[in-house]
Amino acid sequence: MTTTPVLVTTSHRGVFVGLIDVDAPRDTGSVTLDEARMCIYWGTTKSVLQLAAEGPQPSSRIGCEAPGAVTLTAVTLVADAAPHAWAAFKALK
């Protein structure tokens, strides 16, 4: 399975980053992520999409990585994350 990093928002105001199967549909209202992390506080000055473009900011609060796959429902946005942004999320302890 080939994956790509994404940022996902939900109608419940959840913001998550993780890996999605490149062949998975993105328009079904739910997505399953691997290596998912919740963005508790964005800490951005350029909207939530700054997380997808640049990664977490110094004042961002990012939760720990889920131990397995996470299925999100009520999805409102799936945005590709830049490779360097994903690397910055992965570097968090």
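Biologist: Let's start with charges. With which residue does glutamate 35 form a salt bridge, and how far apart are the closest N and O atoms?

Modeller: The general idea is that side chains of opposite charge can pair when their charged atoms come close. Here, in what is a predicted model, the partner of glutamate 35 is lysine 90, with the closest N and O atoms 2.7 Å apart.

Biologist: Which parts of the chain does that pair link?

Modeller: Distant ones: glutamate 35 sits in strand β3 and lysine 90 in helix α2, with their positions 55 residues apart in the numbering.

Biologist: And how accessible are glutamate 35 and lysine 90?

Modeller: Take the relative accessibility and compare it with two cut-offs: under 20% is buried, over 50% is exposed, and partly exposed lies in between. Glutamate 35 has 29%, so it counts as partly exposed. Lysine 90, at 35%, is partly exposed too.

Biologist: Which residues are linked with Lys90 in a network of salt bridges?

Modeller: Glu35 and Glu65. The side chains of glutamate 65 and lysine 90 meet in a salt bridge of 2.9 Å, N to O. Glutamate 65 is in the loop between β4 (61-62) and β5 (70-73) while lysine 90 is in helix α2, so this pair ties together parts 25 residues apart in sequence. Glutamate 65 has a relative accessible area of 34%, which means it is partly exposed.

Biologist: How many salt bridges does the count come to?

Modeller: The count is 4. Among them is the one between the side chains of lysine 46 and glutamate 54, at 3.6 Å from N to O. Lysine 46 is exposed, with 54% relative accessible area, whereas glutamate 54 is partly exposed at 35%.

Biologist: On to the interior. Which residues make up the largest nonpolar core?

Modeller: To read a core, look for buried nonpolar residues whose side chains are joined within 4.5 Å. In this model the largest one has 11 residues: Leu7, Val15, Val17, Leu19, Cys39, Val48, Leu51, Ala52, Ile62, Trp86 and Phe89. At least two residues come from each of β2 (15-21), α1 (49-54) and α2 (83-90). The top contributor is β2, with 3 residues.

Biologist: What is cysteine 39 in contact with, leaving aside its neighbours within four places in sequence?

Modeller: Its contacts are Val15, Val17, Leu51, Arg61, Ile62 and Phe89. There is also a second, separate core of 10 residues, and Phe16, Val31, Leu33 and Ala36 are included in it.

Biologist: Now the polar residues of β1. Is threonine 9 buried or exposed?

Modeller: Buried: its relative accessible area is 11%. Threonine 9 lies in strand β1, and a polar contact of 2.7 Å joins its side chain to that of threonine 76. Beyond four places in sequence, threonine 9 also touches Gly14, Val15, Ala74, Val75 and Leu77, besides Thr76.

Biologist: And threonine 10, buried or exposed?

Modeller: With 9% relative accessible area, threonine 10 is buried. It belongs to strand β1 (residues 3-10). Its contacts outside the four-place window are Phe16, Leu72, Thr73, Ala74, Val75 and Thr76.

Biologist: Last one, the surface. Which residues make a nonpolar surface patch?

Modeller: Met38, Ile40 and Tyr41 make one of about 340 Å². Methionine 38 is in strand β3 (residues 30-41). It has 40% relative accessibility, which means it counts as partly exposed.

Technical notes:
Residues numbered from 1 in each chain as written. Predicted model: local features only at pLDDT ≥ 70, side-chain atom pairs only at ≥ 80, totals over all residues. Heavy atoms only, no water. Helix = DSSP H or I, 4+ residues; strand = E, 2+ residues; numbered from the N terminus. Buried < 20%, exposed > 50% of the residue type's maximum accessible area, 1.4 Å probe, protein only. Contact = heavy atoms within 4.5 Å. Polar contact = N/O pair within 3.5 Å; in protein donor to acceptor, adjacent residues only side chain to side chain. Patch = residues over 30% accessible without salt bridge, like charges linked within 9 Å, V, L, I, M, F, W, Y side chains within 5 Å. Areas by Shrake-Rupley, 256 points an atom, 1.4 Å probe, with all protein chains shown as cover.
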